[in-house]
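User: I'm new to this one and would like a close look at a single part instead of a full tour. Could you pick one strand and tell me what surrounds it?

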Amino acid sequence: TQSTRPQRLLGAVQKNATRGHPRSVIQAIDHFCRNKEWAMNVGDEKGCILDSVVSEVSPATVLELGTYCGYSTVRIASRLPPHAKLITLEFNPEFAVIARQVIAWAGVEDKVQLVEGASGDWIPRMKEQFGVKTFDLVFLDHWKDRYLPDTKLMEECGLLRKGSILLADNVICPGTPDYLEYVRNSPRYESQYFKSHLEYTKVEDGLEKSVFLG
Ligand SMILES: O=C(NCCCCc1cc2cnccc2s1)c1cc(-c2ccc(F)cc2)cc(O)c1O
Ligand SMILES: [Mg+2]
């Protein structure tokens, strides 16, 4: 039977990356997506912006919405301080199966909890299910029409504290206009746009970094 793109991406990691070396896993995926098959990882250009935000925030608790094959999960987890925890939500079980193997190959599984299901169902259960108080950093990379409702849901559930950082992928392409309007105009956020390109292309895209002011 035909393999899927995530399966082929995993194969490229297992063939070309060294177990336990997150950087080689990232390089193998970027090489695969540039030279073989495009895939919706945050990519190397936006990935460097992600890296700098993670290093600057040095978060103890991270929520990632949208795991896909685990590319950004590995990028974030490999830069976390010791004892820090990353919870990543993935809706598609097939993507989750691949992501678990990519995360394990990179050797960062001890810092990562991959949860399968929809953000709207899981966000209200974060505190009781995972003992989370608040998130220091949230990386939004899931359904683009869920960025805004899920941000409001995280506010309502008390999952954001003064200084929590929201970092949103694809605010230009595919685009998240209602989310952008909200974080850029709400007095409760201080927002900043990092211009970049859609992964592995010359199309404009960017990340929006928003600090929750409480
Ligand atoms: O759709 C994108 N990402 C979301 C898919 C994940 C669905 C989930 C929903 C959900 C709900 N709850 C919990 C977890 C999750 S995971 C996406 C798409 C493009 C793109 C595609 C074609 C194109 F021509 C130009 C850009 C680029 C990107 O960087 C993307 O991130
Ligand atoms: Mg994305």
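Analyst: Here is a walk around strand 7, from the strand itself out to its neighbours.

A quick note before we start: this is a predicted model, where local features need pLDDT of at least 70 and side-chain atom pairs count only at pLDDT 80 or more, while totals for chains, interfaces and linings use all residues. Residues are numbered from 1 along each chain as its sequence is written, chains are lettered from A and ligands numbered from 1 in the order in which they are written, and side-chain values use heavy atoms, with hydrogens and water left out.

Look for residues 204–212 and you've got strand 7. (Strands are DSSP runs of E with at least two residues, helices are runs of H or I with at least four, and both are numbered from the N terminus.) Of the 9 residues in strand 7, 7 are buried, so this strand is mostly covered (buried means under 20% relative accessible area with a 1.4 Å probe, protein chains only).

Now zoom out to the sheet. It's an open one with 7 strands, in the order 3-2-1-4-5-7-6, and its pairing is mixed (two strands pair if DSSP finds at least two bridges between them). At the edges sit strand 3 (112–116) and strand 6, each of which pairs on one side only. From one strand to the next, the twist averages 15°. In that order, strand 7 sits between strand 5 and strand 6.

Take strand 5 to begin with, which covers residues 160–168. Strand 5 runs antiparallel to strand 7, and 4 bridges hold the pairing. You can spot it at Ala168, whose bridge partner in strand 7 is Glu208. Leu166 is another place to look, as it stands opposite Ser210 of strand 7.

On the other side is strand 6, residues 189–197, also antiparallel to strand 7 but joined to it by 9 bridges. Here Lys195 has Gly206 of strand 7 as its bridge partner. Strand 6 and strand 7 make a hairpin with 6 residues between them, and in the turn Tyr200 has a positive phi of about 65°.

What lies across strand 7? That's helix 3 (residues 43–57), which also crosses strand 4 (135–140), strand 5 and strand 6. Helix 3 runs at about 145° to strand 6 (axes are lines fitted to C-alpha atoms, for helices over the stretch in contact, and angles run from 0 to 180 degrees between N-to-C directions; contact means heavy atoms within 4.5 Å).

Definitions and conventions. Buried < 20%, exposed > 50% of the residue type's maximum accessible area, 1.4 Å probe, protein only.
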